[in-house]
Structure formats: C-alpha cells, structure tokens
Amino acid sequence: MKVVLFCGGYGLRMRSGASDDMPKPMAMVGPRPLIWHVMRYYAYFGHTEFILCLGYGAHHIKNFFLNYEETTSNDFVLRGGRTELLSTDIADWTITFAQTGIESPIGERLRRVRHHLDGDEMFLANYADVLTDAPLPEMIDRFARRDAGASMMVVPPQSSFHCVDLGEDGLVGGITAVSELPLWENGGYFVLRQEVFDHIPENGDLVADGCAQLAKRGRLVAHQHRGFWKPTDTVKERAALDDAYARGDRPWAVWERDGAGANAGVGIA
C-alpha cells in the first residue's frame with residue numbers, strides 16, 4: 001500500500017531559532033531523521049511506496065534522500081578503495097516528492113497528492129513525526145474487514161498533568177492523572193479509503209473535517225494501541241528519543257527485532 005507522509009509544517013516548537021528552517025520530520029534521532037524512522041517502520045511491513053507532502057524546508061528533505069549515505073546505518077567492507085555494503089536501507093523504496101504548499105492544512109496536502117495514489121482504494125497516512133511499535137498488519141487487516149472510510153490509531157493521553165474534581169464549595173473530590181482517564185487521543189497513524197476525499201473541502205483538515213464527518217456518518221473506526229507511542233512536538237521530546245536511541249532502548253525500531261527489514265535503496269519519482 002502507498003504511504004502518504006505529511007512533512008511540510010513549520011514545526012515551530014522544535015526550532016532552535018529564527019535562522020533554523022529545518023522541518024520537524026528532519027530532526028535527528030540517532031544517526032537518522034525522524035522521517036527515516038517512520039519510513040523504515042512502514043518498509044519493515046512491506047509498504048515501500050512513499051508520497052511525501054512537502055512544504056516548509058522541503059529542500060532539506062530532498063537533499064537528505066538525494067545524497068543518502070547508506071554507510072551511516074549499515075555495515076560495509078572497504079576493499080580496494082571501494083565500499084561494499086553488507087546491507088542497505090532504502091534500495092527498494094519508491095519516493096514521490098510533492099510540493100503541497102507552505103501554509104496548506106493537512107487535508108489540503110492530502111488532496112493535492114490524490115493523483116499520486118493511482119486510484120488505490122486503500123492507502124496509509126502519517127504525520128511523519130510520531131514513532132510507535134504498533135502492529136501495522138493488524139491495523140490494516142481489521143480496517144479492511146470493516147465497512148468504513150477511515151481508521152485512526154488512538155492512544156491513551158500522554159499528558160503528565162492531573163485532573164481535579166471540584167465540588168461547588170471548592171472542595172476537591174478527587175485527583176486523577178490524565179493518563180488514567182477513559183480518554184483516547186489521535187495517534188497519527190491512519191488507514192484510509194478514497195471515501196475520505198468526499199469529506200475534505202478545499203483547504204480543509206484531515207481530522208477536523210474528513211475524519212469528523214466520517215465519524216458523524218458512522219464511517220470512522222479506531223485502532224486502540226497501548227504499546228509504545230511517542231510524539232516529537234517539542235525539543236524535549238525529540239531529545240528523549242535521541243537519548244533512548246543511544247541507550248539501545250528503541251522499541252519503535254521493529255526492523256531490528258530479527259535483523260530483518262527493508263532490503264534496499266530508492267527510486268525517486
């Protein structure tokens with residue numbers, strides 16, 4: 001299945017200053033940027049056709065792949081001055097780079113790459129900045145068996161704050177961690193059918209418009225995931241993932257579990 005990645009936002013909370021024009025998916029976790037980790041996750045499960053919805057800082061993403069260095073994350077032999085790779089990351093990937101506007105909302109970015117889907121009834125979509133170990137085949141299979149227009153992965157609230165139950169007299173009746181409330185939040189991993197385009201207006205949003213309208217019609221399903229899931233909305237969150245990578249604590253790297261993964265390189269469309 002084709003994978004649409006939304007990677008054109010400003011990522012203001014991740015930027016270190018006015019001169020920093022690096023898009024959030026290019027923030028580093030270990031030796032590779034976030035977007036690479038997300039793509040490797042999909043490739044591990046056999047989904048190697050990617051459509052990148054570019055916008056702000058697009059040249060950083062293009063340059064990364066156009067000048068991709070396999071030796072950064074693969075073993076190799078240097079023999080007679082020539083590099084012989086023992087394994088590769090992206091040789092079987094096809095990546096379409098599509099400029100979808102600087103200010104475009106997520107839904108509009110999706111609308112602008114619809115023709116790259118080649119009419120496929122089902123496809124995958126992701127914000128390109130959230131890492132997880134969710135069982136993607138299960139997510140897809142469950143959705144394929146349902147009569148629905150979209151599936152959204154949902155996760156327990158990640159906030160460390162507490163909710164306070166107040167009585168009319170100001171007395172506290174109880175304190176509950178947000179993460180313990182019977183609530184779920186959007187996890188950023190979608191399985192979609194073409195039907196979603198019927199509900200996204202020009203300059204609309206994927207969730208607030210497309211998914212919300214499908215929900216009203218009973219056409220949106222959720223895949224609940226209680227396993228590993230980490231966003232990277234802030235510098236602190238990205239740094240925590242980077243530190244975890246350095247310690248070898250990287251549950252999102254499903255391709256490392258059995259030494260397998262995607263086999264090889266990139267065809268750029």
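**Notebook: burial, cores, cysteines and salt bridges**

I began with Leu206, which counts as buried because its relative accessibility is 0%. The model I am reading is a predicted one.

**Entry 1. Surroundings of Leu206**

I located Leu206 in helix α5, residues 206-216. I then listed its contacts, leaving out residues up to four places away in sequence: Phe6, Ile106, Gly107, Leu110, Phe190, Leu192, Val196, Ile200 and Cys211. I also looked up a pair that is remote in sequence: Pro105 and Leu206 are 101 residues apart along the chain, and their C-alpha atoms are 8.1 Å apart in space.

**Entry 2. Nonpolar cores**

I asked which residues touch the most other members of the largest nonpolar core. Of its 50 residues, these are Leu5, Met39, Tyr42, Leu52, Phe65, Trp93 and Trp252. Helix α1 (residues 34-44) gives this core its largest share, eight residues. For Met39 I noted contacts with Leu5, Phe50, Leu52, Phe65, Trp93 and Ile95, again without residues up to four places away in sequence. I recorded a second, separate core of 21 residues, which includes Cys53, Ala98, Leu110 and Phe190.

**Entry 3. Ser151**

I found Ser151 in strand β10, residues 150-155. Is Ser151 buried or exposed? I entered it as buried, because its relative accessibility is 3%. Outside its neighbours within four places in sequence, Ser151 is in contact with Phe143, Tyr189, Phe190, Val191, Leu220, Val221 and His223.

**Entry 4. Cysteines**

I searched the whole structure for disulfides and found zero. Cys7 takes part in none, and the nearest cysteine sulfur, in Cys53, is 6.6 Å away. Cys7 is buried, at a relative accessible area of 1%. Why does Cys211 form no bond with Cys53? The closest cysteine sulfur to that of Cys211 is the one in Cys53, and at 15 Å it is too far for a bond. I also noted Cys211 as buried, with a relative accessible area of 1%.

**Entry 5. Salt bridges**

I counted 13 salt bridges, taking a side-chain nitrogen of Lys or Arg within 4 Å of a carboxyl oxygen of Asp or Glu. One of them joins Asp129 and Lys24, with an N to O distance of 2.8 Å. This pair links distant parts of the chain, 105 residues apart: Asp129 is in the loop between β8 (122-126) and β9 (130-132), and Lys24 is in the loop between β1 (2-7) and β2 (28-29). I found both Asp129 and Lys24 buried.

In helix α3 (residues 106-112) I examined Glu108 and Arg111, which are three residues apart and so separated by about one helical turn. The closest N and O atoms of their salt bridge are 2.9 Å apart. Arg112 also forms a salt bridge with Glu108, its closest N and O atoms being 2.9 Å apart. Arg112 and Glu108 are four residues apart in helix α3, and therefore also about one helical turn from each other. On accessibility, Glu108 is buried at 5%, whereas Arg111 is partly exposed at 32% and Arg112 is partly exposed at 39%. I noted in addition a network of salt bridges that links Lys2, Glu49, Asp118 and Asp120.

**Entry 6. Nonpolar surface**

Last, I looked up a nonpolar surface patch of about 390 Å², made by Val164, Leu166, Val172 and Ile175. The elements that give two or more residues to this patch are β11 (162-166) and β12 (172-177). Val172 lies in strand β12 and counts as partly exposed, because its relative accessibility is 49%.

Note on methods: Residues are numbered from 1 along each chain as its sequence is written. This is a predicted model: local features need pLDDT of at least 70, side-chain atom pairs count only at pLDDT 80 or more; totals for chains, interfaces and linings use all residues. Side-chain values use heavy atoms; hydrogens and water are left out. Patches are made of residues with over 30% relative accessible area and no salt bridge: like charges are joined within 9 Å, nonpolar side chains (Val, Leu, Ile, Met, Phe, Trp, Tyr) within 5 Å. Accessible areas come from the Shrake-Rupley method with a 1.4 Å probe; for residues, only the protein chains shown count as cover. Buried means under 20% relative accessible area, exposed over 50%, partly exposed in between (1.4 Å probe, protein chains only). A nonpolar core is a set of buried Ala, Val, Leu, Ile, Met, Phe, Trp, Tyr and Cys residues joined through side-chain atoms within 4.5 Å. Contact means heavy atoms within 4.5 Å. A disulfide is a pair of cysteine sulfur atoms within 2.5 Å.
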